[in-house]
Amino acid sequence: MSVNDRSLTTSASMNMQGFGNSSAGSNQSDEQVEPASTLSIFSLDMKKHEDIKQMLDSNKENLKLDAMRRVIGMIAKGKDAGDLFPAVVKNIVSKNMEIKKLVYVYLMRYAEEQQDLALLSIATFQRGLKDPNQLIRASALRVLSSIRVPTIVSIMMLAIRESANDMSPYVRKTAANAIAKLYALDPELKDELIVIITKLLADKTILVNGSAVQAFEHVCPDRIDLIHKNYRRLCNLLVDIDEWGQLTVLHMLTRYARTQFVDPNKTYEDDKKSFYDDNETEKNANDDEESLDKKTYIMDSDHRLLLRCTKPLLQSRNSAVVMTVAQLYYYVAPRSEIHIVAKSLIRLLRSHREIQTIVLKSITSMADKHKEIFGPFLKSFYVHSNDSSHVKYYKLEILTILANASNISTILREFHTYVLSPDKEFGAQAIHAIGRCASTIPEVTEACLNGLVGLMSKKDETIVAESVVVIKKLLQINPSQYGDIIKHIVRKVDKVTVPTARASILWLIGEYSDRISKFAPDVLRKMAKIFPDEETIVKNQILNLAAKLYVMNSKQTNLLVQYVFNLAKYDTNYDIRDKTRLLRALLFQADKCPALSKNAKKILLAPKPAPLLESIIRHHDQYTLGTLSYVIGQAATGYKDLPDFPPEPSDSSVRNVEIIPVSTSQHDSSRNPKKGTTPGGKKNTGIDENFFSDEEEDAEDASTEGPDDEEEENEEDEEEEEEEESDEDDEEQSIENKNKTNEYEQLDARSPTIVENQPQNSESSEEEEESEEDESESEESTDEDEQV
Amino acid sequence: MIHSLFIINGASDVFMEKHWKTVIGKSICDYFFEAQSKCANPEDVPPVIATPHHYLINIYRNSLYFVAVLTHELPPLFVLEFLHRIMDVFEDYFSECTETSLKDNYVIVYELLDEMLDSGLPLATETNILKELIKPPNIFRKMANIVTGDNTNISNTLPTSQLSNIPWRRMGVRYTNNEAYFDLIEEIDAIIDRNGVTVMNEIQGYIDCCIKLSGMPDLTLSFVNPRLLDDVSFHPCVRLKKWEGERVLSFIPPDGNFRLISYHIGSQNAISIPLYVKHNIQFREGSSGRFELTVGPKQTMGKTLEAVVIECSMPKSVLNCTLTPTQGKCTFDPVKKHLVWDIGKIESNTQAAARLPSLRGNIVLTTGQPLPESNPVLNVRFTLNQIAISGIRVQRVDMHGEKYKPFKGVKYITTVKNGRFQIRT
């Protein structure tokens, strides 16, 4: 490779990596390292690549394939195989499909680093685009659009435009996928691409729609007007789009609904404060007959359609789809309907650990806003001891949110077991959760406090420390009633060793010294003795305690305070020294700043606002539920907020289509799938409608033919019985992964005697008998099972 | 759009990487390793990690980490679900997904990854389609390749199902023995408190199918008591409208193994717990701690409890246990403080208390350490064959669309997923 080439490569890769400093940096360092390594290992490396090169140049397919596999192995391991570029690219003309495919993989990896050489391969792709085989056409387009060489933008544009008109829906789908890639390469082509997107959005094949919406989301998410005409069709076909397509379409539809329909929950608020939009009501009265009477809000029929069509997707096996539907309901549905998503979200809690974490986090926000919908599922959030730490944390959070006066006793009992769990960190979180319950539900504040005080007698230090910290916060909220508890805590000061807990106790003593005026000076005496050995946080509180006691009771404590201040004056920590200086000036040098000293008591013992016991998750609510930004709690690149509902709905007639397409769900129409695809796979989309309705008729035919089938089955039955016995050996072999064949109850199996007894008379009566027998049989079998 | 994927083994070694767009250096994984090093347990690694310019989303399964790199906003569940799907496909192709199996088949792995994502957008994720595009490795094919010298594993025609309404089924499937097996598996989730009261119980059920039927069979599966199924998720092949209307599962099945439905029966419905554990665990200073367990069947509906295992993580201060079981085998790992009692079968008719399996012995504590605050949690596992604990039964399975008469079998299993059945002591 010449020097020129290398510099070109570097600059190209730098351009490409404009957004990732760290990655660009790492690339750079790779490049820098290379020359050094070339000196020492170059010969060896060269040799190794030389034999691959020879294999690639040979005319035996086998050798070539082996060589390509080795090259792919190098790429997979992250080793550089860039110097083989010319040798590899030659093989793009190979007839062997696998070699071709592997060359494609290689090209996608290295083309942007060796743009000039990559251009050599373009002709092959252009030929491939005209191949009669749709798979080859599609993969040619895929690679062409994936090699990221800016010079071929115009060729790509041409290829996409042609492929968008291709006969094969698969190629059209590939074209739709390519649009986003081209747009990333050259954003200037936006307008031309929008024309193609518009066309693909209206495509009649489900296969294409998902990708078309994907392209729309990438290129022109703001051109919501392109969706109008396709809105109803997309809603109706949603169930049939593939899972990943569903996700994109759901996101798009959520945004669409937020821009086109009015807020279904707004009417409630409007009842209360109608001053809010006087002129708007007038406008609406003229424009929109649907919201004539604001008090009785009627949902736009298209809005309703969206909710109706997305509901079945809650039963998807794909957790992301379920979550996205939940999100759609959360943001678009009326408050009274949100509850239907709860059950499905709970189901996801049995999924993989990572999925659980994300779902739980989202539930936390949903539960915070709509407590009632998760109320019935309280027990699903009980913590198993082997849940991962994130899962435990979110479950605890949700339980805390869901706690109310009626269920608090069970929740507290549950929390109590968590506190004692061997996972200390979780135990500490549980104590905090108890504190939050106590502060939000006044009925149980006392019980919680007593429980926490009980915990203080445990031997475990972390438990005691956490309890003290939480009790301190609770007492601060309502100090007047709990003098006894304060006394109880003060007695603990010698036993507690965890700094935060000690600090909390000392603060409590200082703050409420009027209630324990007998103890307080004695505590200070003890603290003065061990002052130098304490942690900074504790020293700080000792100083506070000293100052507050001096203000309250200067006669008794004067000397002690002086002593503590002297110790603190020579402390290693400058914060402590500063604080001492401040306090000394405030308390003992009244002459220097009399204004302050006069108010020393007010300053030190000012009523302090009670702390809020809140969860940290709340702050993430500013981002749309379920998004990456929501999960990481910061705006990710490319994040956009959901728009707010417009004050008035858009004109619903924009969504009218002249000819409403027959929207048959594949779930109904796929009864005769053989007819669904012509062997070549090239489906004339023009006759889609006819062909769907054909199928429906077929389906009906099939059902009317039912009895005949039954008859045939019966006739076969007798032969079958004999066969089945002989088959058993084969079956055992054929299902190796099952334990034993005899574990399976055979369904619909009839014992030979029954078949013999069966008279061969009229069809209808026979059918009835049969079904009866089936039932009795199944009952028998259950009976047998239970007897065994 | 998923930018790159790194596959990392337990020893923090990035042994495979795939980039769908511009290459991102391996060094990005350092952020992941940093987060990993903060967690004692591999399961505690946060699934989403934000770095200055990229976002890392990882899953941990089969002691491998799959780390996906993103640069833009994308729902994390989308990525997590997709990574798990990749893992599923690998498991399906190589029968297990381990470092060795991936390394042995790196070419197929690469081809699969290439086919599943097109520039970071999901393309084909149905194993049936993938298997037509890229043939899975097997011994016969390897042999044939050696003999004929034609060793490609790529098909050159587009799988017809890719275009059809039913992308999950291959065309032209042929079997000599037509069989359809349905495994109805139910997993019990339960927490039982120290007094034997059930705190919570839930059932998670699945129907896993192994369908080997020729042609385009159209199956209908009906239940004896479908109203028990309240919350169900379906394989895309199930016709939702039929379920909504008639409560029957009507579907054209994919070929081979797949999960037809999974359902969840919540804690509102009380279920009968099929076994009970009597326990008496006392920690005392020195070596006089007591440990006693007795397990007995309860409402097993005549079935035998099989593969009963009780596991227990002892507190750190436990030095050793000397325990003798009346049945099965009991081991204690003094390093991990992990006690396993493998009981095996418990016959349901051994009502005589004397014959119930029990475990007795002493616990030795490290001297000088405080006594544990609480007793350990017992994790119980067991299997009940031939019964679904919720009472769900398949009534019948009918087939339309094909002329032959298949063998149809259904199996019921009630089991416990590891760690989901806990007894607090």
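## A tour of chains A and B, starting at F223(B)

Select F223(B) to begin: its relative accessibility is 4%, and because the cut-off for buried is under 20%, F223(B) counts as buried. Bear in mind throughout that this is a predicted model, and that the values quoted along the way are computed from it.

**The partner of F223(B)**

Keep F223(B) on screen and add W243(B), which is also buried, with a relative accessible area of 1%. A pair of aromatic rings is described by the distance of the centres and the angle of the planes. For F223(B) and W243(B) the ring centres are 6.4 Å apart and the planes stand at 85°, so this pair is edge-to-face. If you colour by secondary structure, you will find F223(B) in strand β10 (residues 218-223) of chain B and W243(B) in helix α7 (residues 240-246) of chain B, so that the pair, 20 residues apart, links distant parts of the chain.

**Other rings**

A search of the whole structure gives 25 aromatic pairs over all chains, and a good next selection is F32(B), F33(B), Y60(B) and Y65(B), which ring pairs link into a cluster. Then select Y106(B) together with K77(A), where the charged end of the lysine sits over the ring of Y106(B), 5.8 Å from its centre. For another lysine over a ring, move to K472(A), which lies over the face of W507(A) at 5.1 Å from the ring centre.

**Helix α4 of chain B**

Return to chain B and select helix α4 (residues 106-116), in which ten of the eleven residues are buried, so the helix is largely enclosed by the rest of the structure. Which residues of α4(B) are buried? They are V107(B), I108(B), V109(B), Y110(B), E111(B), L112(B), L113(B), D114(B), E115(B) and M116(B), and it may be worth showing the side chains of E111(B), D114(B) and E115(B), which are among them.

**Chain B as a whole**

Now zoom out until chain B fills the view, with its seven helices and 24 strands and a C-alpha trace that spans about 75 × 55 × 45 Å along its principal axes. Of its 425 residues, 64% are buried, while the chain exposes about 15,400 Å², 50% of which is supplied by carbon and sulfur atoms. Among contacts in chain B between residues at least 6 apart in sequence, 68% join residues at least 24 apart. Colouring by charge brings up 44 positive and 45 negative side chains, and the centres of these two sets lie 7 Å apart.

**Chain A and L396(A)**

Switch to chain A, where you will find 41 helices and one strand. Buried residues account for 52% of its 788 residues, and its accessible surface comes to about 36,700 Å², with 51% belonging to carbon and sulfur atoms. Here 66% of the contacts between residues at least 6 apart in sequence join residues at least 24 apart.

For the last stop, select L396(A), which is found in helix α22 (residues 389-402) of chain A and, at 3% relative accessibility, counts as buried. What is L396(A) in contact with, leaving aside its neighbours within four places in sequence? Add F415(A), Y418(A), F426(A), Q429(A), A430(A) and A433(A) to the selection, and you have the residues that L396(A) contacts on those terms. To finish, draw a distance from L396(A) to V103(A): the two are 293 residues apart in sequence, and 52 Å separates them in space, C-alpha to C-alpha.

Methods:
Residues are numbered from 1 along each chain as its sequence is written. Chains are lettered from A and ligands numbered from 1 in the order in which they are written. This is a predicted model: local features need pLDDT of at least 70, side-chain atom pairs count only at pLDDT 80 or more; totals for chains, interfaces and linings use all residues. Side-chain values use heavy atoms; hydrogens and water are left out. Helices (H or I, at least four residues) and strands (E, at least two) are DSSP runs, numbered from the N terminus. Buried means under 20% relative accessible area, exposed over 50%, partly exposed in between (1.4 Å probe, protein chains only). Contact means heavy atoms within 4.5 Å. Accessible areas come from the Shrake-Rupley method with a 1.4 Å probe; for residues, only the protein chains shown count as cover. Lys and Arg count as positive and Asp and Glu as negative; His and the chain ends are not counted. The place of a charge is taken as NZ of Lys, CZ of Arg, CG of Asp or CD of Glu. Rings of Phe, Tyr and Trp (its six-membered ring) pair if their centres lie within 6.5 Å; planes under 30 degrees apart count as stacked, over 60 as edge-to-face and the rest as tilted. A charge sits over a ring if NZ of Lys or CZ of Arg is within 6 Å of the ring centre and within 35 degrees of the ring normal.
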